[in-house]
2 protein chains.
Amino acid sequence: MRTPLTGPVLPSANSAAVHRPASVARITGGFWARRRRTNAEVSIREGPERLEEAGNLANLRAAADAGTTRAFSGDFQFQDSDVYKWLEAACWQLADTPESGLADEVARIVRLVAAAQMEDGYLQTYYQLGDGEPWTELGWGHELYCAGHLMQAAVAHHRATGSRELLDVAGRFADHIETVFGPGKQVDGVCGHPEVETALIELYRTTDDKRYLELARYFLERRGHGVLASGADRGHDRDPGPEYWRDHTPIREAQEVTGHAVRQLYLLAGAADLATETGDVRLRQALERLWTDAVSTKTYLTGGMGSWHDWESFGDAYELPSDRAYTETCAAIASVHFSWRMALLTGEARYSDLIERTLYNGFLGGVGLDGRTWLYVNPLQRHAHPHERPGDQTSQRTPWFRCACCPPNAMRLLVGLPHYFASADDSGLHLHQYATGEYAGDGLAVRVTTEYPWHGTVTVTVDDAPAGERTLSLRLPAWCAHFRLAVNGEPGQEQPKRGWLRITRTFQPGDTVRLELALPVRLTHPHPYVDAVRGCVAVERGPLVYCLEEADNAGGLDGVVLDSSTAPTVRERPDLLGGVTTIVASGRRLAPDETGWWPYLPDTANARLADGSVELTAVPYYAWANRGDGAMRVWIPERR
Amino acid sequence: MRTPLTGPVLPSANSAAVHRPASVARITGGFWARRRRTNAEVSIREGPERLEEAGNLANLRAAADAGTTRAFSGDFQFQDSDVYKWLEAACWQLADTPESGLADEVARIVRLVAAAQMEDGYLQTYYQLGDGEPWTELGWGHELYCAGHLMQAAVAHHRATGSRELLDVAGRFADHIETVFGPGKQVDGVCGHPEVETALIELYRTTDDKRYLELARYFLERRGHGVLASGADRGHDRDPGPEYWRDHTPIREAQEVTGHAVRQLYLLAGAADLATETGDVRLRQALERLWTDAVSTKTYLTGGMGSWHDWESFGDAYELPSDRAYTETCAAIASVHFSWRMALLTGEARYSDLIERTLYNGFLGGVGLDGRTWLYVNPLQRHAHPHERPGDQTSQRTPWFRCACCPPNAMRLLVGLPHYFASADDSGLHLHQYATGEYAGDGLAVRVTTEYPWHGTVTVTVDDAPAGERTLSLRLPAWCAHFRLAVNGEPGQEQPKRGWLRITRTFQPGDTVRLELALPVRLTHPHPYVDAVRGCVAVERGPLVYCLEEADNAGGLDGVVLDSSTAPTVRERPDLLGGVTTIVASGRRLAPDETGWWPYLPDTANARLADGSVELTAVPYYAWANRGDGAMRVWIPERR
C-alpha cells in the first residue's frame, strides 16, 4: 500500500508529481486533534440537521419522487453541493474513526442521492424541480460545480468504504457530461464555477478511465476564451465580466490571479492536477507564476485571499484592506487545495509554508470554537461600532448561511487534514506540518509528538525503517530564524535547503530526531506597497498570527499604539478560548481629540494627543469573534 | 433691496439667522470666473442636448400629450429632477448674464414642464407614463424629491426673471402635496430621498405661504420613526434598512450622521432652514452636533463625504479609505448647502472653512476642465492598473451618467457660487471666500481683486459706505498660520476672533483693506485614528489639496515615498491643466522586491528595498483625471 486510503488527492503512479502522499498520516493528539474532535462530534454529526433545516435533503427527496410537486428549496442553484461536501467530510471521518456512528447516515444520504439521479445520469435538483433547462445557464447554473462535488464525495466514499455505490452515481453523471460537453457536441463551454476539473481528475485517478482526464483537460483549456463573458442567465441581470469567471485569458497565458477568489483557486487546483497527470511543464510554470502573484501581492498575513466584497474577488496588487478583507473561508480552503497539489508536483517547501499559515489563521478563524458557528468572511479588523452594510456578508459567527458553502467545506478540510501533513518521494518521508501522530512513506514509519504550535519541540521517533539509507525531511518553516536539531540526542549539523531539513542515514526503529523551533514573538511589518496597513506591526509567534480583541483590552482599541521598542512577553492561558498562549505588549492609548473639528493637521498628528500607557493583550487570530462583537485588529499602529 | 435677487437661500426677514445673504455678490474675474465661464458656455449651454439624448425632455413631452403611448425613458424614477436642476442653473445664469442667450431655452422648457403637469398639480413623468401608482412607493419613488427640485427651479426662475409661470406650477404641486400628506391624510409618511424639505422652506420664503413651512416641518419631524423601514418597493428587493434613509432616529436626537450621504446632507440642509425660520435652539444644537460628527470623523481631506460605495453611505468613524472613497460630487454639493445654511444661522466661520475646502477640492474635482466630463465619485487614490469592479461607479471622467444627478447639480452650484461668498449682519459685510468681484451688504459695498488661490493677496476697495462705523469681516482661513493686514497702507492690528478678522471703522469710498495670506506648502498629517492613511502626508497649499498623478511622475507612483525633511518648492505652470501652481517635493522610489514571495517580514519592510531619489510633482487635486487613467494619490507615504 503506497498511499493512504483516505486522502483526497492521490496522483497516478506515473504522474509528474515529485512527491506522493504519505501511506500513513494520522493525527492522534495535540492542537489539531482537539479541533478535529469537535469537527467530528459536533460539526459533522449535526450536519444532516442543518441540511434538513435548509431544505437540501428535501430537494433530493423531491427529485427522487417522480410525482413530486414540491418546489426547490433554497436561494441558490448549488444547494446540492452542500450535501456532497458534507458526505465527503463524513466519509473521511468514517475512515478515520469507523466507530463514529456515521455509517448509517452516510448510507442513507448516499441512497437519497442515488435515487434523485435521472435516468440519463443528470443530477441537479435545482433544474429537476424548477423550470430552468439543464445546461443552458452555464454562468450561474453551477451544474458542473455540483457534479464535481458529487464526484469528490464519491471518491471519498469509495476510498473510505470500498463501496462503488456513490462512485457509480458519479460515474454515470460524468459519462452524461462527457456526452453533452465538447467541441461539436451539444454544449461547447465551461461552468461558471470551476470545481469539476479537479474532481474529474480524481475520478480518473480512482477509476483509471482516461475519458475523465480528457474531459477535465477540455474544460481547463476551453476556459479563457470568453465563453462565459455574457453571464446573462435568468435572475442575474448584472454581468460581472470575463475576469470574474477567469474566462478572459487561458490559464497558461495568465500573468495574475483575478476575479472571484474561490473560482480562481479551484480552477488552479484543477490545472495543477492536469499538470501533474500530464507532465505539462508550461502549464506548471504558469501555475508557479500565478501562485507567486497571488501570494506576494494579493494575500493577507493570515493567508486569506480575496480583497473585495464586490464579486468576492481578488483585488488589485497590494490592495489588502484589513476591515474590508473578504478572505472567504472557502478561499482559504481552495488555497490549501491548490498549494498542496503544487507541493506534490514540485516538492517545494514554500507551498506548505503557505498552507501552514492559512490553516492556523485564515482558515481556522472561519471555524467557531464550538464547532457550530462559522465565519464566511474573515477580516483582519473589526471597527468598534460598525454600521451594518445591508447586503454585506457579516463578520459575526453564524450557525449556517443562506449560501452555506463554507461550513461543510471546512468540515471536509479538517477531517482530511492529515493528508496534507506528510508526503513521500523515493528518498524517504517528508513532514510538511507538525502534529502529534503517525506518518509513513517510502517504507519509513514515524511517530511525532509535539505541543506545536504552543511549543517548538517536535520529536520524531522511527517505528519502522527499510534497510539502507533513507531521508527524513522536515520542513523548516519560513518564519523560523533559529532552530536546533538532534538525532538520537546528538546535535545534527544539517542545514535547510530550500526549506527542507534533510536527515539522511540508515534509520533503525527507535531512532529519534528532535527539532526545536525557536518561537520568539515576532513583530512583523507589511511590504511598503500595502497602503492599508502602513505604519503598523502585526504580532506573530510560530505559525500563529495574533490580534487584539476588545474582550481582552479594556477601553477598546481606539487610539491604541504598540510600542515596538519594548519586547512583548508570552503568557500561557489554559483557561482562555480553549487554551491559548497570549502575548502581552506595551503600548499607548491616544486620547480622542475633543478640541478641534478638523482631523488633518500639520506636524505629526500623534503629537497633538494626550496619551497614556496601556498593556495590550493579543490572542491568536483563529480564536477571534468567539466572545461577542467587539473591535478587533491584527495590524496595530506602531510607535518605535 | 437687502438681499440679492439671485441667491438660492434667502432666510425670512424675521428668521433666527445671525447673517443674511449679501445684497450684491458677483464674481468678475480670477479662478472661479474662468470655471464659471466654462460652466455657462459649455455645461449649461449643452445641457438641453444631454437631457434630450437621455430622454428626460421626451418624458415631459409625452406626459404633456394626453394621447401618448410612449414609455418612460431612463432607468430611474427621478429623471425629471435632472431637468429641474438644469433649469435652476440656467435661471441663475440668466440673472448673472442676461445676454447669455438662454432665455428662449428656459422659456421653452418651463412651458414643457407646465404642460406636463396634471390637473390636480401632480407631476412626475415616471408615474404618469408608467404603471406605478403615485405616492405608493415612498422609498424609491422620489416624487417629493423631484417636487423639491421643481420648487427650487421655480424659485430661481421667479427670482431671476420675476415671472410666476414656473412658480405657479411648483405652487400647484406643493398645494397638491399638502392635501395628500399629513397626519390623518391620504399618506402619513416621508420621501426616501430628502430634498423637498429645504425646497418647501424656500418656496415659503418666496411666497410667504406658511403652509409650505408647516409641510416642511411635518416631513422633517415625521422622519426618524421608521416610516420608511421596509423600503420594499417594486424593483427593489433589497431593503437598505432605516439608517440608509436616515429614518431610525429623529434628527434632533441623532448623535451621528449615517446612511446615504446625499440624503443625510439634504435632510440636514432642510433642518437648518427650519431651525433658521423657527429659531428652534434644540434643533440648531442637534445640527451643530451632527456637523461636527461629520466633519471631524467622516470627512476626507478634500471635504468629500461618504466612505462607502455600498449604498453611497457615510461609513464608520474615521473609516476613510482613499481608493474606495465614494465622496459623490452631489454629496460635496449637499455639504456646501448644509454648511452655508449653518453659516447664516450661526455666523460662525468654520462652516465657510469647510465650504472653501469642499469647493476647491472635493466638489471641483467632479467637474472636468472641459466642462463636458464629470466624475460621480471622487476618490483620493487610483491604483496603477485597477481591475474593473462590475457595477461600480467609475472614477473616469464621463460625459453624462445613467444616473445623472451630479452634472446639473454641479452646474447650479457653480452658477450660484457668489451667493456663498459673502453675507451681512447688522455690523456690516462679511467676506467668506475670496474671489475678484463685487460684494455688498448692510450698506457697505466693496470690490475685491485677488489671484487667490494661487497668490495670497486679497485687496478690498470700498466703493460705498454708509455714515458711521461699520465692520468689514474677513474670514481668516483655518489653514492659515500667518497673515498681514493693511488698511489704507497702514498695518492693521486686528487679530482673528473665531475665524473672523473684523475691521471696524467709518469707511470711506476708496478705502482699501489688503489681506496677505501666507501660502507656504503644507505637509499635512491625518488624525491617528484614520487607519487608511497612517504613515502618509498630504501636500496642501492655501485651500488646495494636491495629488500626485502618473502623468507628471514618470515611472508611476508605485513605491513612491515623500521625504518630508526637505522643503518642497512651488512652480507656476501656466501651460498645465488650464494654469496651475505645481509643487515639487523630494522623494524616493522603493524598488519592487523580486526576491521573496512573502510580503510580510520582520524589521522595517522599507529597509529591504533598494531605492533611488526621485522628484515628485504634485498638481491640484481638482485637476486630476483630466489626462487619462493613470495612477493618482493624495496621501503619500512619508519618510522623515
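This tour proceeds from one chain to the pair of chains in the structure. The model is predicted.

**Stop one: chain A as a cartoon.** Please select chain A and display the cartoon. The chain contains 14 helices and 23 strands. Its radius of gyration is 25 Å, close to the 26 Å given by the globule rule for 640 residues, so chain A is as compact as a globular protein of that length. Reduce the view to the C-alpha trace and turn chain A along its principal axes: the trace spans about 75 × 70 × 45 Å.

**Stop two: the interior of chain A.** Keep chain A selected and colour the residues by burial. Of the 640 residues, 66% are buried. Next, consider which parts of the sequence meet in the fold. Among contacts in chain A with a separation of 6 or more, 70% involve residues 24 or more positions apart.

**Stop three: surface and charge.** Switch chain A to a surface display. The accessible surface amounts to about 21400 Å², and carbon and sulfur atoms contribute 47% of that area. Now select the charged side chains of chain A. There are 64 positive and 84 negative ones, and the centres of these two sets are 4 Å apart.

**Stop four: chains A and B together.** Finally, display both chains. A turn of 180 degrees, with a shift of 0.0 Å along the axis, lays chain A on chain B with an RMSD of 0.0 Å. This is the relation of a two-fold axis. Select the contact residues of chain A, and then those of chain B: 100% of the contact residues of chain A recur in chain B, and the same surface serves both copies.

Technical notes: Residues are numbered from 1 along each chain as its sequence is written. Chains are lettered from A and ligands numbered from 1 in the order in which they are written. This is a predicted model: local features need pLDDT of at least 70, side-chain atom pairs count only at pLDDT 80 or more; totals for chains, interfaces and linings use all residues. Side-chain values use heavy atoms; hydrogens and water are left out. Helices (H or I, at least four residues) and strands (E, at least two) are DSSP runs, numbered from the N terminus. The radius of gyration is taken over C-alpha atoms; the globule rule is 2.2 Å times the number of residues to the power 0.38. Buried means under 20% relative accessible area, exposed over 50%, partly exposed in between (1.4 Å probe, protein chains only). Contact means heavy atoms within 4.5 Å. Accessible areas come from the Shrake-Rupley method with a 1.4 Å probe; for residues, only the protein chains shown count as cover. Lys and Arg count as positive and Asp and Glu as negative; His and the chain ends are not counted. The place of a charge is taken as NZ of Lys, CZ of Arg, CG of Asp or CD of Glu. Copies are superposed by least squares on the C-alpha atoms of residues with pLDDT of at least 70 in both.
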